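The following exercises are to be worked with the sequence and the model in view. Each task is followed by a solution in steps.

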Amino acid sequence: MKDEILKLLPEIKKIKDKDLKEKVILTWEEGIKLGGWKLDDLERIPFTLLLPDNRINLIHHTRAVTSTALKIAEELIEFYSPQIKIDLDVILAGGILHDVGKLLEYKKEKGKFIKSERGKYLRHPFSGANLAYTIGIPAEVIHTIAAHSKEGDYGKRTIEGIIINHSDFINFEILGGKT
Ligand SMILES: [Fe+2]
């Protein structure tokens, strides 16, 4: 399964910390298992249920958000270093994992993608953070998962958290998503 995940999400390879890289793969693996998904499903799961006509899948969205976040972070380092510090491994891991909770929030029924039972109680920032916690993902990365969506507006985001949040919303709003 590890090789397939790396093929689907090649940005994982850019994570420098070996242990973090392994745990990011493991988190996706566990999410796929717990959500009862087949590998074939992954590029069919919509990235959101809020845009019924949208054809962007969860893998494509995850890659786009990660790549957007990485480029933003690199630019900000260029302009604001050493005044601010940005951990690119946290950006990469956070981007790749920010929506991993959707593997638990959604389910497929009669060919349709809908909310799962647990998804009705726990949106993906909660299920994703919880899943990452059980794998031993570091807290600074779990923070970006937990705080990437509107739920995170009520707390203080780290710099990496701010970048992931905005990258996600850029990739949501340009496709018609409303906040
Ligand atoms: Fe997202």
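**Exercise 1. Determine which residues of the largest nonpolar core touch the most other members, and which elements supply this core.**

Solution. Of the 31 residues in the largest nonpolar core, those that touch the most other members are Val24, Ala93, Leu97, Ala132 and Val141. A nonpolar core is here a set of buried Ala, Val, Leu, Ile, Met, Phe, Trp, Tyr and Cys residues joined through C-beta atoms within 7 Å. A residue is buried if 20 or more other C-beta atoms lie within 10 Å of its own, exposed if 12 or fewer, and partly exposed in between, with C-beta atoms placed from the backbone. Two or more residues each are given to this core by helix 2, helix 3 (58–80), helix 4, helix 5 (102–105), helix 7 (124–135), helix 8 (139–146) and helix 9 (159–173). Helices (H or I, at least four residues) and strands (E, at least two) are DSSP runs, numbered from the N terminus. Helix 4 provides the largest share of the core, six residues.

The model is predicted: local features need pLDDT of at least 70, side-chain atom pairs count only at pLDDT 80 or more, and totals for chains, interfaces and linings use all residues. Residues are numbered from 1 along each chain as its sequence is written.

**Exercise 2. List the contacts of alanine 132, leaving aside its neighbours within four places in sequence.**

Solution. Two residues are in contact if their C-beta atoms, placed from the backbone, lie within 7 Å. With neighbours within four places in sequence left aside, alanine 132 is in contact with Thr27, Leu97, Ile137, Val141, Ile142 and Ile145.

**Exercise 3. Describe how helix 2 packs with helix 4.**

Solution. First, the axes of helix 2 (residues 18–35) and helix 4 (residues 88–97) come within 10 Å and cross at roughly 5°. Axes are lines fitted to C-alpha atoms, for helices over the stretch in contact, and angles run from 0 to 180 degrees between N-to-C directions. Helix 2 is therefore roughly parallel to helix 4 (angles under 35 degrees count as roughly parallel, over 145 as roughly antiparallel, 65 to 115 as roughly perpendicular and the rest as oblique). Next, helix 2 contributes Leu20, Val24 and Thr27 to the contact, and helix 4 contributes Asp89, Ala93, Ile96 and Leu97.

**Exercise 4. Describe how helix 4 packs with helix 8, and state whether helix 8 is enclosed or not.**

Solution. The axes of helix 4 and helix 8 are 9 Å apart, at an angle of about 40°. Helix 4 is therefore oblique to helix 8. On one side of the contact are Val90, Ala93, Gly94 and Leu97 of helix 4, and on the other Glu140, Val141, Thr144 and Ile145 of helix 8. Because six of its eight residues are buried, helix 8 is largely enclosed by the rest of the structure. These buried residues are Val141, Ile142, His143, Thr144, Ile145 and Ala146. They pack against helix 4, helix 7 and helix 9.

**Exercise 5. Locate the cis peptide bond, and describe the backbone and surroundings of lysine 110.**

Solution. Most residues other than glycine have a negative phi, and most peptide bonds are trans. Serine 81 and proline 82 are joined by a cis peptide bond, with omega about 5°. Proline 82 lies in the loop between helix 3 and helix 4. Lysine 110 has a positive phi, near 50°, and is a residue other than glycine. Its place is the loop between strand 1 (106–109) and strand 2 (112–115). Lysine 110 is exposed, because 5 other C-beta atoms lie within 10 Å.
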